[in-house]
Amino acid sequence: MQQRDGALGAWIEREGVTVFVVLPQAQAGRPVTVDWPPATRIVDEGRFNLPPRGAQ
């Protein structure tokens with residue numbers, strides 16, 4: 001979980017592109033449930049160096 005532009009979300013890979021997905025139901029310091037496919041690649045390493053809105 002990371003905060004970008006005032007919104008909590010996560011970095012994932014979609015079709016070879018890293019994107020920031022806002023999770024409106026997320027709360028700081030609390031777990032959040034997502035309904036992504038099990039094969040969804042979540043970006044962890046290096047996420048703090050990604051641009052504010054992801055590679056578009």
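**Exercise 1. Identify the side chain with which the side chain of Q2 makes a polar contact, and describe the setting of Q2 in this predicted model.**

Step 1. The side chain of Q2 makes a polar contact with the side chain of W11, at 3.1 Å.

Step 2. Q2 belongs to strand β1, which covers residues 2-4.

Step 3. The relative accessibility of Q2 is 9%. Buried means under 20%, so Q2 counts as buried.

Step 4. Q2 also has a bridge partner in β2, namely G9. The strands β1 and β2 run antiparallel and are joined by three bridges.

**Exercise 2. State how many helices and strands the chain has, and in which pattern they follow one another.**

Step 1. The chain has zero helices and four strands.

Step 2. Along the sequence, the pattern reads β-β-β-β.

**Exercise 3. Determine which strands pair with β2, and how many bridges join each pair.**

Step 1. Three bridges join β1 to β2, and the two strands run antiparallel.

Step 2. β2 is joined to β3 by six bridges, again in an antiparallel arrangement. Two residues of β2 illustrate this pairing: A10 has V21 of β3 as its bridge partner, and R14 has V17 of β3.

Step 3. β2 is joined to β4 by two bridges, and these strands are antiparallel as well. Here E13 stands opposite R41 of β4.

Step 4. The burial of β2 can then be considered. Six of its eight residues are buried, so β2 is largely enclosed by the rest of the structure.

**Exercise 4. Examine the two hairpins and find which residue in each has a positive phi.**

Step 1. A general expectation comes first. Most residues other than glycine have a negative phi.

Step 2. In the hairpin of β1 and β2, two residues lie between the strands, and D5 takes a positive phi near 50°. D5 is a residue other than glycine, placed in the loop between β1 and β2.

Step 3. In the hairpin of β2 and β3, two residues again lie between the strands, and E15 in the turn has a positive phi of about 50°. E15 is not a glycine, and its place is the loop between β2 and β3.

Step 4. The accessibility of both residues follows. Exposed means over 50% relative accessible area. D5, with 55%, is therefore exposed; E15, with 83%, is also exposed.

**Exercise 5. List the residues of the largest nonpolar core, and state which strands each supply at least two of them.**

Step 1. The largest nonpolar core has six residues: L8, I12, V19, V21, L23 and A26.

Step 2. Strand β2 (7-14) and strand β3 (17-22) each supply at least two residues of this core.

Step 3. One core member, V21, may be followed further. Leaving aside residues up to four places away in sequence, V21 touches L8, G9, A10, I12, R14 and W36. Of these, A10 is the residue whose bridge partner in β3 is V21.

**Exercise 6. Locate T33, decide whether it is buried or exposed, and give its separation from L23.**

Step 1. T33 is in the loop between β3 and β4, the latter being residues 41-42.

Step 2. Its relative accessible area is 66%. The cut-off for exposed residues is over 50%, so T33 is exposed.

Step 3. T33 and L23 are 10 residues apart in sequence, and their C-alpha atoms are 9.2 Å apart in space. L23 is one of the residues of the largest nonpolar core.

**Exercise 7. Describe the chain as a whole through its burial, contacts and exposed area.**

Step 1. The chain has 56 residues, and 30% of them count as buried.

Step 2. Consider contacts between residues at least 6 apart in sequence: 45% of these join residues at least 24 apart.

Step 3. The exposed area of the chain is about 4,300 Å², of which carbon and sulfur atoms supply 49%.

**Exercise 8. Report the confidence of the prediction, and state in which strand it is lowest and in which it is highest.**

Step 1. The mean pLDDT of the chain is 84, and 80% of the residues reach 70 or more.

Step 2. Confidence is lowest in β1, with a mean of 87, and highest in β2, with 91.

Definitions and conventions: Residues are numbered from 1 along each chain as its sequence is written. Side-chain values use heavy atoms; hydrogens and water are left out. Buried means under 20% relative accessible area, exposed over 50%, partly exposed in between (1.4 Å probe, protein chains only). Contact means heavy atoms within 4.5 Å. Accessible areas come from the Shrake-Rupley method with a 1.4 Å probe; for residues, only the protein chains shown count as cover. A polar contact is a pair of N or O atoms within 3.5 Å; within protein, one must be able to donate a hydrogen and the other to accept it, and residues adjacent in sequence count only if both atoms are side-chain atoms. A nonpolar core is a set of buried Ala, Val, Leu, Ile, Met, Phe, Trp, Tyr and Cys residues joined through side-chain atoms within 4.5 Å. pLDDT is the predictor's confidence in each residue, from 0 to 100. Two strands pair if DSSP finds at least two bridges between them.
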